[in-house]
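Q: I have a model open and want to learn how to read its contacts. Can we go through it feature by feature?

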Amino acid sequence: MHSPIIIALDYPQQQPALQLLQQLDPQLCRVKVGKEMFTRLGPAFVEACMSRGFDVFLDLKFHDIPNTVAGACRAGADLGVWMMNVHASGGRRMMQAAREAVDKSSSETLLIAVTILTSLSEEELAEIGYSDSAADNVSRLAALAKDSGMHGVVCSPREARQLRSDLGDEFLLVTPGVRPSGSDTADQRRVMTPLDAMHAGSSYLVIGRPITAAENPLQALQQIADSIA
Ligand code: C5P
């Protein structure tokens, strides 16, 4: 079964993450491993997720010279991850090198790009030299990502409708900032429900605490899956 739900495993240790995986169903979700867990636990943790049947999105957001990013992406593809990402602001040659490296591997790893970090305010963007609005920068970088061979981008669900219409049906839009109605938004500000995000054009929903912090994570996952079925 194809599930658009990606669960963000944001834990400081392996134990609670593996406990969660034990309760979840790999038919209903994939998992995202980010910088914290990967820096602590390395490829062995990614392999532990995969050996339990879960596809892994390795969220390391590479940003470096083309040769270095290509090597890192090849390493991720050789590890067999389902999806990984780079920063679109690394530029066309960096993204092209990443894609070529992944294509040489035997696994069919999907490569997506981060456009503008949603944590950046318009003032902070100006301070690092981006002159247009965040939305304009997102559109420009997403188009560049597509043109440079990326399979998709990470974006806010608020940006999904515009990007879907600009970049076509095949381009993957991976959206965090998703909250089932009535759940705690925590530190997320501009959230959308899973169903609204799917209607706006999301391909995959990255969801963390509404599932990981639920009393019954499998039930929470099932409810979200039902809400978008
Ligand atoms: O717990 P929650 O659902 O807020 O987790 C969302 C996940 O997506 C976290 O791993 C967070 O770092 C990530 N993320 C995000 N917003 C972005 C990019 C990534 O929330 N713009």
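A: Yes. Keep in mind that this is a predicted model. Start with one charged pair: the side chains of D55 and R30 form a salt bridge, with an N to O distance of 3.1 Å.

Q: Why does the pair of D55 and R30 tie parts together?

A: Look at where each partner lies. D55 is in the loop between α2 (35-51) and β3 (56-62), and R30 is in strand β2 (residues 30-34), so the salt bridge links parts that are 25 residues apart in sequence.

Q: How many salt bridges does a search of the whole structure find?

A: The search finds seven.

Q: Now the ligand. Which residues are around the ligand?

A: List the shell before judging any contact. Around the ligand are A8, D10, K32, T118, P176, R179, Q188, V206, I207, G208, R209 and P210. Sort them by class next: five are nonpolar, three polar and four charged.

Q: How do I pick out polar contacts to the ligand?

A: Check N and O pairs against a cut-off of 3.5 Å. The side chain of D10 has an N or O atom 2.8 Å from a ligand oxygen. For R179, a side-chain N or O atom is also 2.8 Å from an oxygen of the ligand. K32 places a polar side-chain atom 3.0 Å from a ligand oxygen.

Q: How much of the ligand's accessible area does the protein cover?

A: Compare with the ligand on its own, which has 470 Å² of accessible area. The protein covers 78% of that.

Q: Where does the ligand sit?

A: The ligand is in the largest pocket. Two elements give two or more residues each to its shell: β8 (204-207) and α9 (209-212).

How values were computed:
Residues numbered from 1 in each chain as written. Predicted model: local features only at pLDDT ≥ 70, side-chain atom pairs only at ≥ 80, totals over all residues. Heavy atoms only, no water. Near = heavy atom within 4 Å. Polar contact = N/O pair within 3.5 Å; in protein donor to acceptor, adjacent residues only side chain to side chain. Areas by Shrake-Rupley, 256 points an atom, 1.4 Å probe, with all protein chains shown as cover. 1 Å grid on protein atoms, 1.4 Å probe; cavity = no way out; pocket = protein on both sides within 12 Å on 5 of 7 lines; lining within 4 Å. Sits in = over half its atoms within 2 Å of the grid points. Helix = DSSP H or I, 4+ residues; strand = E, 2+ residues; numbered from the N terminus. Nonpolar A, V, L, I, M, F, W, Y, C, P; charged D, E, K, R; others polar. Salt bridge = Lys/Arg side-chain N within 4 Å of Asp/Glu carboxyl O.
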